[in-house]
Amino acid sequence: GKLWSVKGRIIAASGTGIYEAGSLATSVSLKTLPSGQTWTDVVDAGSVIIASATDGHLYMWAEQDGELVLAGQEDFEGEIPYAVGMAQGVLFVGTGVTTTGGGKIGRLWIAEVVGQKLRNAQMLRDWGNGSSTRDHVPRGFYSTRDAMFFAVHEASAESHLWRFHLATAGLTRDVIFGVGAVTVGIHAVDDRLFGFYASDKRRELTTFATTGYLIGPLADFYTAQPKVWVGGRMDAQITVTQETIV
């Protein structure tokens, strides 16, 4: 089974059913999926609670007179939503499509939640192709004040933690963990990222690089007048260090 805490409620999923947990025998069934389907994630989306399921839908419950009432659903045609997250009014959805190689093409979507509907949904990026052997679905959404983090199993021995910058809508690869597995969760303590996996846990190191110099080619501005630099840009391949937590 799976458990989530949203809006002061405990939501539990077991098999095809999802429930609002209560004391003793007071748990309430919220929805039962068709046979063979499962619930994948739950998030507090402001006006509603959203749950994703392998039948390709997002289900939404709203509070009415102190109870949760199924208020709507959204379909991701041809895709399965495996993970959902919410940050600063933006809903994040990680979906997957099974490949001929036994893996999954992963896609990252964002949308607005207006009432009990999704609006302005758009795909930001995808990972993998039709013959991928790994599960590339974005999972483990974790929000901070200015960013949303998630992980993608991109290489045979690497899990990449990506950062969506809420202020600029920029998307960057932030940390690389040397774990060849799908994440089961991300968290941060004292601004250090932690990645949790089925048989492993990793922590971001505090030291990324040593001090040094950047040496570039001479620049000719065609005048002899003094120049004032107002900005700069560097493109480089960077590997972020990590440590294993025993």
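Which residues does Asp 135 touch, not counting residues up to four places away in sequence? In this predicted model, they are Gly 103, Lys 104, His 153 and Val 182.

**Figure 1. Close-up of Asp 135 in the loop between β12 and β13.** The loop that holds Asp 135 runs between strand β12 (117-127) and strand β13. Asp 135 has a relative accessibility of 15% and therefore counts as buried, the cut-off being under 20%. The side chain of Asp 135 makes a polar contact of 2.5 Å with the side chain of Arg 139. A polar atom of the Asp 135 side chain also lies 3.0 Å from the backbone nitrogen of Val 137.

**Figure 2. Close-up of Pro 81 in strand β9.** Strand β9 spans residues 80-87. Pro 81 is buried, with a relative accessible area of 0%. Not counting residues up to four places away in sequence, Pro 81 touches Thr 40, Ser 52, Ala 53, Gly 56, His 57, Leu 58, Val 93, Gly 94 and Thr 95. One of these contacts, His 57, is 24 residues from Pro 81 in sequence, and the two C-alpha atoms are 7.1 Å apart.

**Figure 3. Close-up of the largest pocket, with a volume of about 400 Å³.** The lining of this pocket comprises 22 residues, and those nearest its centre are Asp 41, Ala 83, Gly 140, Phe 141 and Val 184. Two or more lining residues come from each of the strands β1 (2-6), β5 (39-44), β9, β13 (139-143) and β17 (183-189). Sorted by class, the lining consists of 13 nonpolar, 6 polar and 3 charged residues.

Key:
Residues numbered from 1 in each chain as written. Predicted model: local features only at pLDDT ≥ 70, side-chain atom pairs only at ≥ 80, totals over all residues. Heavy atoms only, no water. Helix = DSSP H or I, 4+ residues; strand = E, 2+ residues; numbered from the N terminus. Buried < 20%, exposed > 50% of the residue type's maximum accessible area, 1.4 Å probe, protein only. Contact = heavy atoms within 4.5 Å. 1 Å grid on protein atoms, 1.4 Å probe; cavity = no way out; pocket = protein on both sides within 12 Å on 5 of 7 lines; lining within 4 Å. Points joined across faces, edges and corners; volume = space filled by probe spheres on them. Nonpolar A, V, L, I, M, F, W, Y, C, P; charged D, E, K, R; others polar. Polar contact = N/O pair within 3.5 Å; in protein donor to acceptor, adjacent residues only side chain to side chain.
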